[in-house]
Amino acid sequence: MEGKTGSEVTYNDGIGDCSPDGDTPSGNGDVGTGVGSEDTPPPNGGWNDGGTTGTSPWSNDTTNDCTDLVLDNQGNTLGWYNHCTGSYYPNVNKNSSGGYSKLTADCNGNGSGVIVTSTHDPCQKIKENFDNTKFKEKVAALDKSEVFAYDHEMGFAAGYPPANTGVTGVQYPPMENTIGTHNVKLPNGNQYFGFMHTHNNETANGNPIKIFSPADLATFLTSCVHNAQSHGSIADAYAMVITSEGNYMLNYTGASTPVITVSQYNGWKTWYLTEVQKLQKDDGSFDQNDLEKFFVRFLVESVKIAGLEIYHIEKTTGTASLINSDGTKTTCN
């Protein structure tokens, strides 16, 4: 096979029929002695023949083993995906160097697969967007104190040029407010792979949440990611929210559009509203750092879709920083 190396990864080996040793989610390195909660691969059991295999998603036969490792394109273990149930379990464990563990999927080599979630770099795509004059003009048009003072959201969609029209380049039509609401919606059509919009300083309830909503996330996944996969590249898809307290962008590094059910979406809304109320101060406001950590926790604990990432966007420079599961930020190079 011809080509060039994108990255090389060294993985930890398991010891016999047991879990991998060292700074990994199940590092007991011994057969059948049980696996502590600090070592457990989600949701509740040991690795293959390395502990409580009866309650583990891992199996000792290739026919019934349902669990795959989910890796990013650098070989980091993002989580575990049970393809029999459609469940995703994010990796919340980090090694001693602060990075995610790099694991083999199954100590004895039976029945596990590997899913590589990304062949593109979100940091690079965000940089490309901010190198685009039209994109920056649209962000600047929204990122204004007078816009944040409106009683309704404003926004622009990002769409591929219509076919057979001679039009070239990304198109940025304005997003209209949904009838009877203060919220914007994507224009009609399947060419829209991204959007940017505001969350204002005031809402109908008087307590604005200056970060993405479940509806924003659902629109991003079911419309933007779907349209990007159908008409361009998933790497193109994004959603951006612009607020007086900070700007943020959603990216998705998965290989295909995830399927979102009504019950899933309703569950997201219930979790989101229940948990965000716990962050409100006595005056009804929110600390922005708390909201950032809350939203990442929302992605991990409620949404559970591999490859979803949220970036903080510096207002002046457009520099992006990935918000990690512990609320820390990793600045894009």
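1. The bend at a residue is the angle between two axes, one fitted to the seven residues that end there and the other to the seven that start there. In this predicted model, helix α4 bends by about 30° at F220.

2. Helix α4 covers residues 214-231, 18 residues in total, and its span from the first C-alpha to the last is 25 Å, close to the 26 Å expected at 1.5 Å a residue.

3. F220, where the bend lies, is also one of the buried residues of α4, which include L217, L221, C224, V225 and A228 as well as the polar-named positions D216 and N227. The elements that cover these buried residues include the strands β8, β9, β10 and β11 together with the helices α5 (262-277) and α6 (288-303).

4. The sheet itself is open and has 7 strands, with mixed pairing, in the order β5-β8-β9-β10-β11-β12-β13. Its edges are β5 (155-159) and β13 (329-331), each of which pairs on one side only, and the twist from one strand to the next averages 25°.

5. Within this sheet, β11 (residues 308-313) and β12 (residues 320-323) pair in the antiparallel sense over 3 bridges, and Y311 stands opposite L322 in β12.

6. Two further helices should be read against the sheet. Helix α1 (residues 122-130) lies across β9 (238-243), β10 (246-252), β11 and β12, and runs at about 45° to β11. Helix α2 (residues 133-142) packs on the sheet as well, where it touches β5, β8 (192-198), β9 and β10, and its direction makes about 30° with that of β8.

Note on methods: Residues numbered from 1 in each chain as written. Predicted model: local features only at pLDDT ≥ 70, side-chain atom pairs only at ≥ 80, totals over all residues. Heavy atoms only, no water. Pairing = 2+ DSSP bridges. Helix = DSSP H or I, 4+ residues; strand = E, 2+ residues; numbered from the N terminus. Axes fitted to C-alpha atoms, helices over the stretch in contact; angles between N-to-C directions. Contact = heavy atoms within 4.5 Å. Expected span 1.5 Å × (residues − 1). Buried < 20%, exposed > 50% of the residue type's maximum accessible area, 1.4 Å probe, protein only.
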